Amino acid sequence: MTAPAPSSAQPSVALRQKLAGLGTRRRDRTDGDADRGILSGHDRRKRGVRVSMAGVHVVLFVGLVVAGLGPLLWLAKAAVTPTQDTLSHPFELWPNGIDWANLETAWNDIHIDQYFLNTVWVAAGSWFFQLLIATTAGYALSVLRPKYAPILNGLVLATLFVPAVVLLVPLYLTVLHPPLIDTSLLNTYWAVWLPAAANAFNILLVKRFFDGLPREVFEAARTDGAGPFRVFWSIVLPMSKPILGVVSVFAVIAAWKDFLWPLLVLPDPAVQPLSVRLPAVQSQTELDVFLAALAISTLIPIVLFLVFQRLFLSGAGLGGAVKG
């Protein structure tokens with residue numbers, strides 16, 4: 001008896017081996033492309049190449065540290081250095097000693113403490129209202145998704161193409177004569193907080209983050225009887241710690257360094273922040289005291305950035321709502 005002929009639907013042994021070899025070569029070629037760079041693996045194993053690459057890395061690291069931290073470190077040094085030493089020996093470390101009285105003079109005599117508190121109020125209010133509007137608007141556009149959500153999303157996106165300078169005059173007139181209110185908002189922090197809250201970039205940033213959240217968690221919460229506010233407060237916000245940290249850093253730093261708008265809507269020096277008052281008192285203040293005031297004004301943004309950096313760089317953003 002002769003053996004039955006192989007079915008035409010099944011490939012022969014030789015064909016299967018050929019296909020397997022082709023797949024292996026393709027995977028090897030893909031892996032090689034993934035590891036391919038300026039230097040090959042053979043070149044990296046050479047001692048001279050390793051030493052050269054290490055030197056390049058050290059030079060780049062030192063350059064980045066000097067460019068990033070150099071101005072801040074020099075400002076911290078100049079804040080406790082007498083004026084003559086700063087002018088004659090700007091890069092020497094305290095040739096005639098440290099003058100700690102600069103910080104006390106800047107804090108008390110030119111009322112940095114009052115302007116510092118005003119800046120804290122401006123930054124805190126701007127942070128709160130920006131976070132409130134960005135999270136609620138992003139939640140409505142991403143999770144609730146009404147029928148007109150694409151239209152709202154397009155309108156919010158369109159505002160990014162309007163230059164900020166064009167909005168100064170109409171926004172100032174709105175603050176001067178707000179609708180439905182007979183009282184002007186000038187010389188009040190509401191004139192800074194409310195315009196800062198309408199930040200389209202933050203809204204779109206939060207919406208894009210909410211788009212990536214697992215929808216199964218929302219469906220499970222709705223099945224358990226949770227309403228829209230409950231889902232927002234107990235599910236969405238705990239899962240959104242990274243993006244909340246990012247928006248917080250952007251909001252506080254933007255409010256801390258803003259100059260033009262607070263100058264327009266806060267003409268009273270008693271309520272002006274540091275960004276407005278420091279240029280005004282520069283001509284009446286000694287250089288060492290003025291540099292000390294600048295150093296004090298940079299403390300809060302640096303501390304906030306260091307604190308929130310760990311928050312939005314960590315991967316614990318989904319740990320608040322998903323049960324293990």
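**Notebook: largest pocket, helix α12 and L157**

I sorted the lining of the largest pocket by residue type and got 25 nonpolar, 5 polar and 1 charged. The model I am working from is predicted.

Entry 1, the pocket. I looked up the volume of the largest pocket and found about 1000 Å³ of space. Its lining is made of 31 residues, and those closest to the centre are A164, L167, P195, A196 and A198. I then asked which helices supply at least two residues each to this lining. They are α6 (112-144), α8 (168-176), α9 (190-197), α10 (200-211), α13 (241-257) and α14 (260-265).

Entry 2, helix α12. I checked the span of α12, which covers residues 228-239. Its 12 residues reach 15 Å from the first C-alpha to the last, close to the 16 Å expected at 1.5 Å a residue. Next I listed the buried residues of α12: V231, F232, I235, V236, L237, P238 and M239. What do these buried residues pack against? I found α6, α10, α11 (215-223) and α13 as their partners. Of these, I had already noted α6, α10 and α13 among the helices that line the largest pocket.

Entry 3, L157. I located L157 in helix α7, which runs over residues 149-158. Is L157 buried or exposed? I have to write partly exposed, because its relative accessible area is 41%, and that class lies between the cut-offs of 20% for buried and 50% for exposed. I also looked up the separation of L157 from L204: the two are 47 residues apart along the chain, and their C-alpha atoms are separated by 7.5 Å.

Methods:
Residues numbered from 1 in each chain as written. Predicted model: local features only at pLDDT ≥ 70, side-chain atom pairs only at ≥ 80, totals over all residues. Heavy atoms only, no water. Helix = DSSP H or I, 4+ residues; strand = E, 2+ residues; numbered from the N terminus. Buried < 20%, exposed > 50% of the residue type's maximum accessible area, 1.4 Å probe, protein only. 1 Å grid on protein atoms, 1.4 Å probe; cavity = no way out; pocket = protein on both sides within 12 Å on 5 of 7 lines; lining within 4 Å. Points joined across faces, edges and corners; volume = space filled by probe spheres on them. Nonpolar A, V, L, I, M, F, W, Y, C, P; charged D, E, K, R; others polar. Expected span 1.5 Å × (residues − 1). Contact = heavy atoms within 4.5 Å.
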